[in-house]
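Trainee: I should like to work through this model by question and answer, beginning with a single residue and then turning to the chain.

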Amino acid sequence: MAELGLNEHHQNEVINYMRFARSKRGLRLKTVDSCFQDLKDSRLVEETFTIDEVSDMLDGLQTVVHSEVESELINTAYTNVLLLRQIFSQAEKWYLKLQTDISELENRNLLEQLAEFERAEFVSSNKKANPEQVKPKLTPLHEGASDLLQK
């Protein structure tokens, strides 16, 4: 199994998020595909078209696809903010101040490593998900779980 430099629990949380993101991505791609299929089914009923008719069809398709992609990009950004909110909220319960390095979000090497990790984890995805991977939410640390953090 490829490694992300995280402990097993956190790596499983990342895998769960990647599974969620892959599912959402697949649904959106199906939506885009259906935009094209709808155009074929509803507008491509004649044998020949004028340049203006083809241009109108493509403009309409562009508008629909643009709207779908924009909607998904917005939704993805909000989903990521909600995930960060969960993590930061959990950290604040232990009086931790986490920091992010936004410049790392476009690091090509790290993005390629994540793509490779995703391929390694999900291409051979015929394996069963273990119970550790399917936890529905982050759980806060319990009292006494970390005396060092409290000090």
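Trainee: In which part of the chain is the place of Leu96?

Mentor: This is a predicted model. Helix α2 covers residues 51-93 and helix α3 covers residues 108-122. The place of Leu96 is in the loop between α2 and α3.

Trainee: Is Leu96 buried, partly exposed or exposed?

Mentor: Buried requires under 20% relative accessible area, and exposed requires over 50%. Leu96 has a relative accessible area of 35%, so the residue is partly exposed.

Trainee: What is the area of the nonpolar surface patch that includes Leu96?

Mentor: Leu96 makes this patch with Ile87 and Leu98. The area of the patch is about 220 Å².

Trainee: How far apart are the end C-alpha atoms of helix α1, and what span should its residues give?

Mentor: Helix α1 runs over residues 8-43, which is 36 residues. At 1.5 Å a residue, the helix should span 52 Å. The end C-alpha atoms agree with this, because their separation is also 52 Å.

Trainee: Which helices are included in what covers the buried residues of α1?

Mentor: The buried residues of α1 include Ile15, Met18, Val32, Cys35 and Leu39. Polar side chains are also among them, including Gln11, Asn12 and Asn16. The cover over the buried residues of α1 includes α2 and α3.

Trainee: Which residue has a side-chain oxygen that reaches the backbone nitrogen of His9?

Mentor: The contact lies at the start of α1. The oxygen comes to within 3.2 Å of that nitrogen, and it belongs to Asn7.

Trainee: What pattern does the chain follow along the sequence?

Mentor: The chain has four helices and zero strands. Read along the sequence, the pattern is α-α-α-α.

Technical notes:
Residues are numbered from 1 along each chain as its sequence is written. This is a predicted model: local features need pLDDT of at least 70, side-chain atom pairs count only at pLDDT 80 or more; totals for chains, interfaces and linings use all residues. Side-chain values use heavy atoms; hydrogens and water are left out. Patches are made of residues with over 30% relative accessible area and no salt bridge: like charges are joined within 9 Å, nonpolar side chains (Val, Leu, Ile, Met, Phe, Trp, Tyr) within 5 Å. Accessible areas come from the Shrake-Rupley method with a 1.4 Å probe; for residues, only the protein chains shown count as cover. A salt bridge is a side-chain nitrogen of Lys or Arg within 4 Å of a carboxyl oxygen of Asp or Glu. Helices (H or I, at least four residues) and strands (E, at least two) are DSSP runs, numbered from the N terminus. Buried means under 20% relative accessible area, exposed over 50%, partly exposed in between (1.4 Å probe, protein chains only). The expected span of a helix is 1.5 Å times one less than its number of residues. Contact means heavy atoms within 4.5 Å. A polar contact is a pair of N or O atoms within 3.5 Å; within protein, one must be able to donate a hydrogen and the other to accept it, and residues adjacent in sequence count only if both atoms are side-chain atoms.
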